[in-house]
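Subject: Structure handover

Hello,

Here is the structure we discussed. Please open it first, then read the notes below.

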Amino acid sequence: MTFLKENYPLVAFIAVYLITKNLILAAAIWSAGSLVQILTSVFAKQPIKKSHIAYFILGVLLVASAYYFDDENFIKWKTSIILWAGALFILFRQLFSKKYIIQDLLKTNNVLKDTAPQSLLAKINWLWISYLTGFAFLNLYIAYTFSTDVWFWFKIIGLFVSTFLLFIISIIMLKEHVNLEEPHKTDSTKNDSQE
């Protein structure tokens with residue numbers, strides 16, 4: 001449910017493209033969904049996520065350009081721009097505040113222990129930066145070499161699967177510093193259950 005709540009503009013984009021095969025219309029729906037996310041936060045008096053604002057502004061600019069020039073390649077650039085921005089964000093946080101992407105990804109579940117050395121966290125950061133940068137260039141290669149349908153499936157499936165695999169690789173690299181086991185019951189709880 002949380003995935004849908006956070007990503008309904010993406011879900012709408014996928015649905016509209018699959019139904020209409022019109023990439024510009026699908027991207028316009030995505031931008032409208034991003035605007036709804038912003039307005040929902042405003043009306044609920046919740047903090048507005050900077051990423052929602054960035055997606056909305058970038059989406060509107062690219063949709064307007066695609067519509068004006070009648071060129072859907074503007075839409076295909078959105079993925080690369082977002083990935084490059086993500087790589088820069090990870091790099092700047094590492095350089096200026098010593099924060100690492102894997103800490104952000106694992107902090108909500110308290111999976112990452114404090115024992116992880118900064119050198120290992122930095123290696124994982126560079127892995128993510130390399131991945132995001134490389135995928136951004138690959139996205140443009142696919143966009144300009146293959147059909148829109150091929151690009152669409154590459155973007156949806158390729159990005160999800162490769163990001164998930166990178167997350168698993170990051171966890172494996174941190175295997176000595178992650179806590180994946182459920183908390184053990186205390187002795188008193190064990191004794192109560194035995195009686």
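Start at Arg 93. Beyond its neighbours within four places in sequence, Arg 93 is in contact (heavy atoms within 4.5 Å) with Lys 98, Lys 99 and Asp 104. Arg 93 sits in helix α4. Its relative accessible area is 18%, so Arg 93 is buried; buried means under 20%, exposed over 50%, and partly exposed in between, with a 1.4 Å probe and protein chains only.

A word on the source. This is a predicted model, in which local features need pLDDT of at least 70 and side-chain atom pairs count only at pLDDT 80 or more, while totals for chains, interfaces and linings use all residues. Residues are numbered from 1 along each chain as its sequence is written, and side-chain values use heavy atoms, with hydrogens and water left out.

Overall fold

The protein has 8 helices and 0 strands. These are DSSP runs numbered from the N terminus: H or I of at least four residues for helices, E of at least two for strands. Along the sequence the pattern reads α-α-α-α-α-α-α-α. Of the 195 residues, 35% count as buried. Take the contacts between residues at least 6 apart in sequence: 66% of them join residues at least 24 apart. The accessible surface is about 12600 Å² (Shrake-Rupley method, 1.4 Å probe; for residues, only the protein chains shown count as cover). Carbon and sulfur atoms hold 67% of that surface.

Confidence

The mean pLDDT (the predictor's confidence in each residue, from 0 to 100) is 84. A score of at least 70 is reached by 85% of the residues. Helix α6 (residues 118-145) has the highest mean, 94, and helix α8 (residues 187-194) the lowest, 48. Over residues 183-191 the pLDDT is below 50. Beyond near neighbours in sequence, that stretch has 1 contact in the model. Where pLDDT is low, predicted coordinates should not be read in detail.

More on helix α4

Helix α4 covers residues 73-97 and includes Thr 79. Thr 79 is buried, because its relative accessibility is 6%. Outside its neighbours within four places, Thr 79 contacts Asn 139, Trp 151, Lys 155 and Leu 159. Gly 86 also belongs to helix α4. Gly 86 counts as partly exposed, at 22%. Its C-alpha atom is 8.8 Å from that of Thr 133, although 47 residues separate the two along the chain.

Positive phi

Most residues other than glycine have a negative phi. Lys 98, one of the contacts of Arg 93, has a positive phi of about 55°. Lys 98 lies in the loop between α4 and α5 (101-106). Lys 45 has a positive phi too, near 55°. Its loop runs between α2 (23-43) and α3 (50-69). At 77% relative accessibility, Lys 45 is exposed.

Surface patch

Which residues form a nonpolar patch on the surface? They are Leu 18, Trp 153, Ile 157, Phe 160, Val 161, Phe 164, Leu 165, Ile 168 and Ile 172, with about 870 Å² of accessible area together. Patch residues have over 30% relative accessible area and no salt bridge; like charges are joined within 9 Å, nonpolar side chains (Val, Leu, Ile, Met, Phe, Trp, Tyr) within 5 Å. A salt bridge puts a side-chain nitrogen of Lys or Arg within 4 Å of a carboxyl oxygen of Asp or Glu. Helix α7 (residues 148-173) gives the most to the patch, with 8 residues. Trp 153 is in helix α7 and is partly exposed, at 39%.

Best wishes
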